[in-house]
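Got your viewer open? Let's take a short walk, starting with the whole chain and ending at a single residue.

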Amino acid sequence: MNTSTIDTTESSTKRVLLLKPRGFCAGVVRAIDIVQIALDTFGAPIYVRKEIVHNSYVVNDLAKKGAIFVNELDEVPEGARVIYSAHGVSPAVREAAKGRGLKVIDATCPLVTKVHVEAIKFAKQGYSLVLVGHRDHEEVEGTQGEAPDVTQVVSTVEEVEALVVPDPDKVAYLTQTTLSLSEAGIMIDALKKKFPNIAGPKSQDICYATENRQTAVKNVAHGADLVLVVGSANSSNSNRLVEVSKNLDTNSYLIDSADAIDPAWLDGVKTVAVTAGASAPEVLVSEVVEYLQAKGFGSVDEVEVMPENVRFGLPPEIVQAIASAPPMNVAAV
């Protein structure tokens, strides 16, 4: 969407800045595709442990198509097919699946898998692990589960200062992939101050999509009176986008959909920046833009901060299922 003509009417002076990149990341696209392909190939029901991604619209849409979302594997009938969410699972969950004879399809984001591999590597090398993240998030639970005996989770600088480890010279850190860059930076600096010889991942754990969406907000927030972030309340990366905006002194709200917009937020506002967390679908963004246009924000400009062209391949279970599926009968026209 782009409007380049500007006149003197009130609607054209009220603008929407549509940030890009926004919305679905490669890991989310992959996870949703996995559930959809599994439903198409094997038929309903398909069980999914936890929300496949943290977005209520996506989860409800897949549930209508036959996906059954469960909190734990004991809710899945023995021998049934289950999909792990994009946030990953611990080895304990994998063992539980084996014990119940479940047919597993793993939709863990490859960037989360990267952090799991790092945790295993550091633990095998004898390091005490410090995982920077939010304790109640499924991703953190899964990563911590790779080396639970040597991993401590920290969320604040105070918790870093209170850390006790067997050998201060044998410590390594990892981070949740969806933290804000500034939050992670502060925590890592605190860790380096406490443990000068601390080891870390070769490349940062915060995922490209989280970083790119935060960078887009940082580049545009100063020119907006309000930032609306489309995303669900349990979406970590969406919440971080709101924080980034507020840290730049630009008012910001997290909204699940256009229905959540309070018209009072728009009082005196001339420019609204709109973005979406990595698990929020574009259809919801379009509805927000349409709502704003109906409220007199007649100029919509897409602001691309950087290109984003990452794609992830499907897991072997899905690739094999597609390959073995019978060919579709296409009627002659």
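**Stop one: the whole chain**

Show the protein chain as a cartoon and you should find 12 helices and 12 strands. Keep in mind that this is a predicted model.

Now switch to C-alpha atoms and line the view up with the principal axes: the atoms fill a box of roughly 70 × 65 × 30 Å. How does the radius of gyration fit a compact globule? With 333 residues, such a globule would come out near 20 Å, and the protein chain has 22 Å, so the two agree.

**Stop two: inside and outside**

Colour by burial next. Buried residues account for 50% of the 333 in the protein chain. Add a surface, and the accessible area comes to about 15600 Å², with 52% of that belonging to carbon and sulfur atoms.

Turn on contacts, keeping pairs at least 6 apart in sequence: 75% of them join residues at least 24 apart.

Then pick out the charged side chains. There are 30 positive and 43 negative ones, and the centres of the two sets sit 4 Å apart.

**Stop three: helix α2**

Select residues 26-42, which make up helix α2. This helix has 17 residues and spans 24 Å from first C-alpha to last, close to the 24 Å expected at 1.5 Å a residue.

Which residues of α2 are buried? Show sticks for A26, G27, V28, R30, A31, I32, I34, V35, I37, A38 and L39. Don't skip R30, an arginine that is on the buried list.

Finally, step just past the helix to G43, which follows α2 and has a positive phi, near 85 degrees.

Note on methods. Residues are numbered from 1 along each chain as its sequence is written. This is a predicted model: local features need pLDDT of at least 70, side-chain atom pairs count only at pLDDT 80 or more; totals for chains, interfaces and linings use all residues. Side-chain values use heavy atoms; hydrogens and water are left out. Helices (H or I, at least four residues) and strands (E, at least two) are DSSP runs, numbered from the N terminus. The radius of gyration is taken over C-alpha atoms; the globule rule is 2.2 Å times the number of residues to the power 0.38. Buried means under 20% relative accessible area, exposed over 50%, partly exposed in between (1.4 Å probe, protein chains only). Contact means heavy atoms within 4.5 Å. Accessible areas come from the Shrake-Rupley method with a 1.4 Å probe; for residues, only the protein chains shown count as cover. Lys and Arg count as positive and Asp and Glu as negative; His and the chain ends are not counted. The place of a charge is taken as NZ of Lys, CZ of Arg, CG of Asp or CD of Glu. The expected span of a helix is 1.5 Å times one less than its number of residues.
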